[in-house]
Amino acid sequence: MIIPRKTSFISLPRISVIAGHTFTQLVRMKVFYFLIIFAVLIWALKQFVLGTFTGGDTASEQQLRLLKSTSYFAMNLFSIVMAISATALLIPKDIEDRTLYTILCKPVPRLDYLIGKLLGVLLLIFVSLIFMDLLLSVMLHYNTQSLIASEISLMGAGGNSEVLQERITTLNAHGLTNNIHYATLVIFFKAAVIASVALLISTFSTSTIFTLILTIIILLIGMIQADARELILKASERGETSIISKLSMFIVLVFPDFQLISVDDGVIDGKIVPKLTLLKITIVSFFYVALYTSLSWFTFRKKEF
Amino acid sequence: MTDSGVTRDIAVEVRNLVKSYKSSFKRQTFQAVDNVSLQIESGEVYGLIGPNGSGKSTTMKAVLGLISPTAGSCRVFGADSTRVDARSEIGFLPENPYFYKHQTSAETLRFYGKLCGIRGKKLTNKVNELLELVSLEHARDRRLGGYSKGMLQRVGLAQALIQEPQLLILDEPTAGVDPIGSREIRDLILKLKSQGVTIFLCSHLLEQVQEVCDRVGIIFEGKMVNEGTLEELTEIRNQHEFIIKNASPALVQDIEDLIANNQQAEVVRSGKPRSSLEKLFIDTANEQKHNKKGNKS
């Protein structure tokens, strides 16, 4: 008598197969071309913009600030675009092309499929961010050292050594520190949360365009919701409650707070990211990703094809 | 029970299956499958035939667990088809299978093999064996984006067989395949049947269904309207057929006279039996191949 083999509810090898395949699929869509654009952007910035800064003590810091802000802008742009478009595209495409039929007809639990797809997208973003972070680190280190050298030569041998030391400390704080990598890591966490939101929407959406638009709306809400929350709290302190404030409170509770998952502005200004903040961001991001992935599975588990 | 009296396992059991779909605003209900029941014994080849939109694919999807029955149940080797476990013994070839175009056929088979938990040397051997079986060794490293419909169908068949399933579900297995490929798929179905694999197939090519199936179900507007063995379904009970080899014209005349003298019987049709166009095509192609080989040597 034939007895069907037992299939575990969740399997790491199966998830890794789907994630690996999704990563390869995206790589073959030539998304890594963006990295070439990034490298060219950084090179062009160095060649044509950074050298033009003149005058004042702050010019050196401004150069480093511009390098960091441009790089983080590109990192944020790439990771957000990839998180939304790749996640929003992959599942509807599998349904439309009927490739999902052949996958789900194998002993593959739907949760494995969803997690695999999400991890594949995140792996691609992670690898890309590592490359960008590496490039930024090299450029930042090179520029910082070059700026320090020019400060030393400007002050000359007779300069005040305390002032010089202070300048070196300030420039080093703006240069390559662990905070640079922490900011990249937080950009990755933000992309992970956005991708999990896109995953959730794509499980019930009927078209890719709907998924894209709705995810972008949630992203925008997430970016301003901290300000909204503050306004609501102030209004409630004054005893003012309306339907709009109740609705806003609901939005605050349901949608992710992307202002919370962001440290790059501080790092651009040379501030230190406290370890506790990083830990909090990590926990909050994991919570959001787990929540939205669970909800995705809940809507996807009974979906009919 | 089989003809020989041996009791077999039930591979597929569909019991009073009902599948309804609601319209967008849930005002109207469309019943795609209406109280369908069928049983497929282990090792049997079962064909489900019916016009487009009759409920064949919906029944198959219910057996595959891709949709949940509105009422009734589907079981595969005793396991509820909505459970993932039931799929460990199923190989499925969808109609017009689409795969990831960026993969080669070897990569595709490796991917599906890994999903079924096959790894290492065993997987490599299995992929090589299946590519040879479906005659795609020459195109193993070509991306599927450049494959013809028939070649994709072969890849589909190979992926369906990757985990050596005990139940093979084939939806239009020869769609887009040329007559020679179609014949090869038919031979493969018969070979798998001889190995004890249960096959559940849907096809519009009734001649093919007749060639390979032990039992057939006819579904119409969501209802099972007829079901049985091919002999039961195709037998014309009040007619008899003789095919006589090397009969002289005199003997044929004698037989016709004998029937003419009988008050009840009448000749409905007589003449020389015809070969099928498919057989003619395959014989001609084989002959050409043979001549080409002969000329080369």
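**Cysteines**

I started with Cys116(B) in this predicted model. Its closest cysteine sulfur sits in Cys105(A), 11 Å off, so a bond is ruled out by distance. I also checked how much of Cys116(B) shows: relative accessibility is 17%, so the residue goes down as buried.

Next I looked up Cys213(B), which is in no disulfide either. The nearest sulfur there belongs to Cys202(B), 9.8 Å away. Cys213(B) is buried too, at 6% relative accessible area. My tally over all chains is zero disulfides. With a cut-off of 2.5 Å between sulfur atoms, I can see why Cys116(B) at 11 Å doesn't make the list.

**Interface of chain B and chain A**

Then I moved to the contact between the chains. I get 41 residues from chain B and 32 residues from chain A. The two chains bury about 3500 Å² between them, and 58% of that is on carbon and sulfur atoms. Which three residues supply the most of chain B's buried area? I found Leu66(B), Tyr100(B) and Leu115(B), with 21% of what chain B buries against chain A.

**Polar side of things**

I searched for salt bridges across the interface and got two. One of them pairs Lys19(B) with Glu304(A), with the closest N and O atoms 2.8 Å apart. Polar contacts across the interface come to twelve residue pairs.

**Where chain B touches**

I listed the elements of chain B giving two or more residues to this side: β1 (10-22), α1 (56-64), β6 (90-93), α2 (105-115) and α4 (149-160). The largest share, five residues, is from α2(B). By type, I sorted chain B's side into 21 nonpolar, nine polar and eleven charged residues.

Methods
Residues numbered from 1 in each chain as written. Chains lettered and ligands numbered in written order. Predicted model: local features only at pLDDT ≥ 70, side-chain atom pairs only at ≥ 80, totals over all residues. Heavy atoms only, no water. Contact = heavy atoms within 4.5 Å. Buried area = accessible area lost by both parts, 1.4 Å probe. Salt bridge = Lys/Arg side-chain N within 4 Å of Asp/Glu carboxyl O. Polar contact = N/O pair within 3.5 Å; in protein donor to acceptor, adjacent residues only side chain to side chain. Helix = DSSP H or I, 4+ residues; strand = E, 2+ residues; numbered from the N terminus. Nonpolar A, V, L, I, M, F, W, Y, C, P; charged D, E, K, R; others polar. Buried < 20%, exposed > 50% of the residue type's maximum accessible area, 1.4 Å probe, protein only.
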